[in-house]
Amino acid sequence: MEESNIKILLAEDDPNLGTILKAYLEAKGFPTRLCVNGQEAYEAFLKEVFHFCILDVMMPIKDGFTLAREIRKVDKKIPILFLTAKAMQEDIIEGLKIGADDYITKPFSMEELLLRINAIYRRANPEQSGDTDKTLFQVGKYVFDYSRQTLKFEDNEQKLTSKEAQLLKMLCDRTNDVLDRSEALTKIWLDDNYFNARSMDVYIAKLRKYLKEDPEVELINVHGKGFKLVVNQDI
């Protein structure tokens, strides 16, 4: 997978960690712009072209959550990975609500960071990662375009994050069948631990909200197993 054309915006106020991350990412073929606070990062985002954002949550002048909200107003689809010093459920859920694709808790290994970057980028750009299976789905009155990460209902189009799109695609591939909870966690979140499970619950709630306009479409919990996208075939 060729990653050398992926430019990363890295917002990290710790000069030592920031310098190490920048050097590592560039050694792996990712041109990286390091910014030491949220305001500097936002100004850089407006002036330059980036394909991926890595944002520290706790930063001076403008924190990572505020920065992510402002980035999302400009670009709904660019992948965002949060760096957090705390494995606090509240922080994780807040980041996911903003539209982050993933998070990683300090301290972390460089190998894990690289794995998460590659996984997120593949989800966000399936056409560049060899994912050639079905990408367009009719879900009741909705049209879900996985390659564009959009969910359209009549004249309204909802932009999805890469993780939202990945989860909805797995549900669509198994329409009216159960999507195993552990399978989704392992494929999308890379680990089926407690925090990732809670994160997936947040995404399920968001997808359920997106799909509420069509009464013939229902996203249900299957106790002890997973989730099921139910579509009335007689509409």
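User: In this predicted model, how much area does the protein chain expose, and what share of it do carbon and sulfur atoms supply?
Analyst: The surface of the protein chain in this predicted model comes to about 11,300 Å² of exposed area. Of its 235 residues, 50% count as buried, that is, they fall under 20% relative accessible area. As for the exposed area, the share supplied by carbon and sulfur atoms is 50%.

User: What is the radius of gyration of the protein chain, and how does it stand against the globule rule?
Analyst: The protein chain, with its 8 helices and 12 strands, has C-alpha atoms that fill a box of roughly 60 × 35 × 35 Å along the principal axes. The globule rule gives 18 Å for 235 residues, and the chain comes close to that value, so it is as compact as a globular protein of that length. The radius of gyration is 18 Å.

User: What is the strand order in the open sheet of 5 strands?
Analyst: The pairing in this open sheet is parallel. Strand S2 (32-35) and strand S5 (102-105) each pair on one side only, which places them at the edges, and neighbouring strands are turned by 15° against each other on average, with direction ignored. The order is S2-S1-S3-S4-S5.

User: Which residue in S4 stands opposite Asp56?
Analyst: Strand S3 (residues 52-56) runs parallel to strand S4 (residues 80-84), and 4 bridges join the two. Opposite Asp56 stands Leu83.

User: At about what angle to S5 does helix H5 run?
Analyst: Helix H5 (residues 110-124) lies across strand S1 (8-11), S3, S4 and S5. Compared by their N-to-C directions, the angle between helix H5 and S5 is about 175°.

How values were computed. Residues are numbered from 1 along each chain as its sequence is written. This is a predicted model: local features need pLDDT of at least 70, side-chain atom pairs count only at pLDDT 80 or more; totals for chains, interfaces and linings use all residues. Side-chain values use heavy atoms; hydrogens and water are left out. Two strands pair if DSSP finds at least two bridges between them. Axes are lines fitted to C-alpha atoms, for helices over the stretch in contact, and angles run from 0 to 180 degrees between N-to-C directions. Contact means heavy atoms within 4.5 Å. The radius of gyration is taken over C-alpha atoms; the globule rule is 2.2 Å times the number of residues to the power 0.38. Buried means under 20% relative accessible area, exposed over 50%, partly exposed in between (1.4 Å probe, protein chains only). Accessible areas come from the Shrake-Rupley method with a 1.4 Å probe; for residues, only the protein chains shown count as cover.
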